[in-house]
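Student: Please take a close look at the packing of one helix pair, and explain each term as it arises.

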Amino acid sequence: MQDQSLYSEIGGHEAVDAVVSDFYDRVLADESVAHYFDNTDMAKQHAHQVQFISAVAGGPVEYDGEDMREAHAHLGLTGDDFDAIANHLEAALRDNGVSESNRASILDEVEALRAPILNQ
């Protein structure tokens with residue numbers, strides 16, 4: 001996890017919430033991955049994602065969602081799925097004014113979860 005300055009640098013809770021809203025707009029518009037969210041409570045999913053990104057960015061929260069491996073085991077995700085989601089996150093971060101170095105820090109944390117998310 002990053003120190004709290006990254007969370008502060010990107011704008012704190014309001015900024016993370018805006019990034020997550022933009023992120024899910026992109027994901028749900030992408031036919032290649034949108035179906036993974038067909039039976040998902042998106043308000044709950046949004047809240048979990050805000051918590052997750054905040055924790056990854058070193059914010060004053062602890063992510064208390066399911067273990068990544070358990071949460072994604074039933075989905076049968078591929079590397080292409082992971083890449084699509086990561087690309088949508090990168091675009092949402094970029095378009096919401098997160099600097100390149102801060103995007104890289106967040107995406108490095110996300111990339112570290114590739115194996116558990118893909119159940120490898």
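Tutor: The axes of α2 and α3, lines fitted to C-alpha atoms over the stretch in contact, come within 9 Å and cross at roughly 125 degrees (angles run from 0 to 180 degrees between N-to-C directions; helices are DSSP runs, H or I, of at least four residues, numbered from the N terminus). That angle makes α2 oblique to α3, since it is outside the ranges for roughly parallel (under 35), roughly perpendicular (65 to 115) and roughly antiparallel (over 145). This is a predicted model, in which local features need pLDDT of at least 70 and side-chain atom pairs pLDDT 80 or more, while totals for chains, interfaces and linings use all residues. Residues are numbered from 1 along each chain, and side-chain values use heavy atoms, without hydrogens and water.

The crossing of α2 past α3 is right-handed (near helix turned clockwise from the far one by less than a right angle). From α2, His 13, Val 16, Asp 17, Val 20, Ser 21, Phe 23, Tyr 24 and Leu 28 contact Met 42, Gln 45, His 46, Gln 49, Val 50, Ile 53 and Ser 54 of α3 (heavy atoms within 4.5 Å). These residues comprise eight nonpolar, six polar and one charged.

Both helices also reach the largest pocket, of about 890 Å³ (an open set of points on a 1 Å grid where a 1.4 Å probe fits, with protein on both sides within 12 Å along at least five of seven lines; lining residues have an atom within 4 Å of a point). Among its 29 lining residues, Tyr 24, Phe 37, Gln 45, His 72 and Leu 75 are closest to the centre. Two or more lining residues come from each of α2 (12-29), α3 (42-56), α4 (68-72) and α5 (79-95).

Methods:
Points joined across faces, edges and corners; volume = space filled by probe spheres on them. Nonpolar A, V, L, I, M, F, W, Y, C, P; charged D, E, K, R; others polar.
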